[in-house]
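Me: I'm new to this structure and would love a close look at a single part of it, the sheet. Could you walk me through how its strands are arranged and what lies around them?

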Amino acid sequence: MERIDVHAHCVPPAYREYCLNNAYAGKGNPDGMPGMPEWDALTHIALMDKLNIKKSILSISSPGTNLSPGNDAEARKLTRLMNTEFSKICASHPDRFGFFASLPLPDVEGTLAEIDYAIDELGAIGFQILTNSHGIYPGDERFRPVFDKLNSRKTIVFFHPTTCHLRCSHDASSIQAVRPQPGIPSPMLEFMFDTTRALTSVLLSGTVTRCPDLTFLVCHGGATFPPLLQRVVEFSSVLLPAEQRVSAEEVRTLLQKNVYFDLAGMPFPDLVHGLLRVVDSSRLLYGSDYPWTPAKAVEHLAETIDEGLKSSFESDLRSKVLMENAQEFLRKK
């Protein structure tokens, strides 16, 4: 079946080189990964053709484009450079690629300027925001102007996981990565937990409710949030201030209306069934996570998703998950 890939990455040579020389990016081992993949458009398109992927939406993966905490000028420069590069790639292959622009968060002023430029001058179809920006989660009051601006542009926000970070002091440059299990890269487990933190953050802060014209994309099938939904609801009703309290019905309504979930990673055989207790299949989208997921693994996971969809859905619903849902999602921008 034909498919649209909403979770795909690009690693421009300039970005790769920058990360190889940057301590925050792990000097080429971001988030505890063994290395950074190389990428080129023609190789990516060849994989897309093999898997019948009609279009891929590109984005920068973790650790994003603010790689020197406290240095907003550098973050703005790198963000603009990468967004411009992505725009050129998409312009060269307009039928195959679109892109989610990067933002220099937690720099709010630079982010507000980049939003308009990326949409109006570069043709971005939405924005990638990391699950935490130097330890600040997206529902934080400091980011209210950012989400209000994004809402006014009626665009898409793609939450992509990153390593959990803590601010060790009031010094913006003092950031510590949290890796509870040495030797285990963050994408194995911690990315899932940080995705859950980010989604919980925007739900409890009222960001999703306050921004009805904003469409959210959460990756990896909602990570660990679906089985924790009731726990979040119960705790909010007892321990949180009135303005942060939510009901299960309210959360499900918000997710069904404003949030989509990609199936990058390993949604079958188990994870997807928990997600479908929270939203219906109209909120599911295909994602490959290429090239951070290597081509051979992408092919294997695509087969796994196809088999999982075949065993769980009728043919017309499988087509919707792989293609038609994404068409509707992209029309919302």
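Reply: Happy to! Two strands count as a pair if DSSP finds at least two bridges between them. Keep in mind that this is a predicted model. With that in hand, start at strand 3 (residues 97–101) and strand 4 (residues 126–130), which run parallel and are joined by 2 bridges. One residue to look for here is Ala101, whose bridge partner in strand 4 is Phe127.

Now step back to the whole sheet. This open sheet has 8 strands in the order 1-2-3-4-5-8-9-10, and the pairing is parallel. Strand 1 (3–9) and strand 10 (284–285) stand at the edges; each has a single partner strand, so one side of each is left without a neighbour in the sheet. As a general point, strands of a sheet pair through backbone hydrogen bonds.

Next come the helices that lie across the strands. Helix 12 (residues 315–331) lies across strand 1, strand 2 (53–59), strand 3, strand 5 (156–160), strand 8, strand 9 and strand 10, and runs at about 70° to strand 1. Helix 9 (residues 248–258) lies across strand 8 (215–218) and strand 9 (259–262), with an angle of about 75° to strand 9.

Finally, a word on empty space. The whole structure holds 3 cavities of 30 Å³ or more, and the largest has a volume of about 140 Å³. Among the 15 residues lining this largest cavity, those closest to its centre are Gly64, Leu103, Leu105, Leu130 and Ser133. Its lining has 6 nonpolar residues, 9 polar and no charged.

Technical notes. Residues are numbered from 1 along each chain as its sequence is written. This is a predicted model: local features need pLDDT of at least 70, side-chain atom pairs count only at pLDDT 80 or more; totals for chains, interfaces and linings use all residues. Side-chain values use heavy atoms; hydrogens and water are left out. Helices (H or I, at least four residues) and strands (E, at least two) are DSSP runs, numbered from the N terminus. Contact means heavy atoms within 4.5 Å. Axes are lines fitted to C-alpha atoms, for helices over the stretch in contact, and angles run from 0 to 180 degrees between N-to-C directions. On a 1 Å grid over the protein atoms alone, a cavity is a set of points where a 1.4 Å probe fits but cannot get out, and a pocket is an open set with protein on both sides within 12 Å along at least five of seven lines; lining residues have an atom within 4 Å of a point. Grid points are joined across faces, edges and corners, and a volume is the space filled by probe spheres set on the points. Ala, Val, Leu, Ile, Met, Phe, Trp, Tyr, Cys and Pro count as nonpolar, Asp, Glu, Lys and Arg as charged, and the others, Gly among them, as polar.
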